[in-house]
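Biologist: Before I use this model at the bench, I would like to know what stands behind the labels. Please take me through the reasoning, label by label.

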Amino acid sequence: MGESAPPVTLGRRPKPREGRSSAPRPTVSRRREVSHASARSLLMTVLGEYTLPRDQPVWTSMLVEVLGILDIEEKSARQALARSAAEGWMVSERVGRRVRWSLTPPGRRLLTEGAERIYAFGREERPWNGQWLMLIVSVPEAKRDLRHRLRTRLTWAGFGSPVAGVWVSPDLSRQREAQQIVSELGLDAQAMSFTAGYGEVGEQETMVARSWDLTELKDRYEDFIDRFTGLHPTGGRAVLRAQTELVHEWRRFPFLDPQLPAELLPAKWSGTKAAELFHHKHVDWRPEAQQYWDDIVAAEEAG
């Protein structure tokens with residue numbers, strides 16, 4: 001759940017759309033869920049949703065079974081476990097002929113931080129005083145790797161770039177994080193920052209459109225809404241699958257959405273509806289999904 005997945009940098013388009021386009025949106029292919037990378041990602045979602053609150057070791061066979069419910073083959077599930085252990089998030093213990101897994105302290109911290117971000121995301125609308133944080137930092141074209149690292153980390157922190165070398169955020173609390181980023185990349189000596197309101201030259205809406213691709217983000221939110229609005233699973237197995245997929249899809253948005261104030265978003269912003277849907281479904285499905293997990297645990301222990 002708290003996996004340090006590489007952030008996705010949204011590209012830029014000239015202007016966000018006001019309403020839904022008649023053109024078909026790209027949809028997420030379910031086929032990718034069987035890949036090794038997705039198996040590991042789903043494993044982290046399962047660990048964060050079910051094992052983190054319990055703080056108890058989990059048998060290999062149980063994790064393989066639950067990942068199987070999510071269409072992950074046994075080989076991919078076992079490889080995901082091995083990779084998570086190699087990265088230091090989990091540790092195995094042999095008990096007779098069986099193996100069980102526990103979260104390491106770093107793994108627990110990772111998932112706890114991820115859970116806090118995921119479950120808090122979209123719950124509250126923060127007031128905005130109209131002030132912008134502007135960071136000016138340029139990297140020579142020859143240092144492409146450094147430029148990429150700077151762009152990746154600032155984008156992950158919610159910054160947008162209307163023009164080369166200029167980064168903006170309506171969240172003034174990001175200043176300390178920006179300072180840390182440029183310092184760690186060795187760019188602090190040449191970086192400058194300002195806080196101010198938008199002036200009278202140009203349109204603030206144009207700057208926002210050039211800084212963030214709200215159209216692509218809107219499409220992702222609407223795909224999420226389309227996928228889960230009409231989903232009404234019955235039975236513990238189906239509910240556990242739906243709950244896990246719900247969290248797995250939602251966990252991407254804190255890394256994609258810069259969380260702009262409502263004043264800067266298009267009317268009827270789909271992110272608001274998606275957040276309401278996630279929190280409603282998560283609360284609604286949680287008891288039965290958690291109970292089904294406990295039933296599997298009991299069956300494993302009895303066996």
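**Reasons behind the labels**

Modeller: Helices α9 and α11 are oblique to each other. Keep in mind that this is a predicted model.

Biologist: Why are α9 and α11 called oblique?

Modeller: Helix α9 (residues 236-250) and helix α11 (residues 270-302) pack at an angle of about 140°. Roughly antiparallel needs an angle over 145, and roughly perpendicular covers 65 to 115. The pair fits neither class, and α9 and α11 are therefore oblique. Their axes are 8 Å apart, and the crossing is left-handed.

Biologist: What makes the contact between α9 and α11?

Modeller: On the α9 side, the residues include L240, L246, V247 and W250. On the α11 side, F278, W285, Y292 and W293 are among them. The residues of this contact divide into 13 nonpolar, three polar and four charged.

Biologist: Why is α5 called roughly antiparallel to α6?

Modeller: Helix α5 (residues 144-156) and helix α6 (residues 175-184) pack at an angle of about 165°. The label applies to angles over 145 degrees, and that makes α5 roughly antiparallel to α6. The axes are 10 Å apart, and α5 passes α6 in a right-handed crossing.

Biologist: Which residues of α5 and α6 meet?

Modeller: From α5 they are L150, R153 and L154, and from α6 they are I181, V182 and E184. Of the residues in this contact, four are nonpolar, none polar and two charged.

Biologist: Now the sheets. What makes β1 and β2 edge strands?

Modeller: The open sheet of three strands has the order β1-β3-β2, with antiparallel pairing. β1 (58-59) and β2 (90-95) each have a single partner strand, so one side of each is left without a neighbour in the sheet.

Biologist: β1 is written as 58-59. How do you know that β1 and β3 pair?

Modeller: Pairing needs at least two bridges, and β1 and strand β3 (residues 98-103) have two, in the antiparallel sense. The bridge partner of V58 is W101, and that of W59 is R100. β2 and β3 pair over six bridges, also in the antiparallel sense, with V91 opposite S102.

Biologist: What lies between β2 and β3?

Modeller: Two residues separate the strands of this hairpin, and G96 in the turn has a positive phi of about 65°.

Biologist: Which strands stand at the edges of the four-stranded sheet, and why?

Modeller: The order there is β5-β6-β4-β7, with antiparallel pairing. β5 (160-163) and β7 (192-197) stand at the edges; each has a single partner strand, so one side of each lacks a neighbour in the sheet. Neighbouring strands are turned by 30° against each other on average, direction ignored. Helix α7 (residues 204-211) packs on this sheet and touches β4, β5 and β6 (166-169). The direction of α7 makes about 115° with that of β5.

Biologist: How do you know that β4 and β7 pair?

Modeller: Six bridges join strand β4 (residues 131-136) to β7, and the two run antiparallel. The requirement is at least two bridges. M134 stands opposite F194 in β7.

Biologist: One last label. Why is A82 called partly exposed?

Modeller: A82 has a relative accessible area of 44%. Buried would need under 20% and exposed over 50%, so A82 counts as partly exposed. A82 lies in helix α3 (residues 74-86). The C-alpha atoms of A82 and S92 are separated by 9.3 Å, with the two residues 10 apart along the chain.

Definitions and conventions:
Residues are numbered from 1 along each chain as its sequence is written. This is a predicted model: local features need pLDDT of at least 70, side-chain atom pairs count only at pLDDT 80 or more; totals for chains, interfaces and linings use all residues. Side-chain values use heavy atoms; hydrogens and water are left out. Axes are lines fitted to C-alpha atoms, for helices over the stretch in contact, and angles run from 0 to 180 degrees between N-to-C directions. Angles under 35 degrees count as roughly parallel, over 145 as roughly antiparallel, 65 to 115 as roughly perpendicular and the rest as oblique. A crossing is left-handed if the near helix is turned anticlockwise from the far one by less than a right angle, and right-handed if clockwise. Contact means heavy atoms within 4.5 Å. Ala, Val, Leu, Ile, Met, Phe, Trp, Tyr, Cys and Pro count as nonpolar, Asp, Glu, Lys and Arg as charged, and the others, Gly among them, as polar. Buried means under 20% relative accessible area, exposed over 50%, partly exposed in between (1.4 Å probe, protein chains only).
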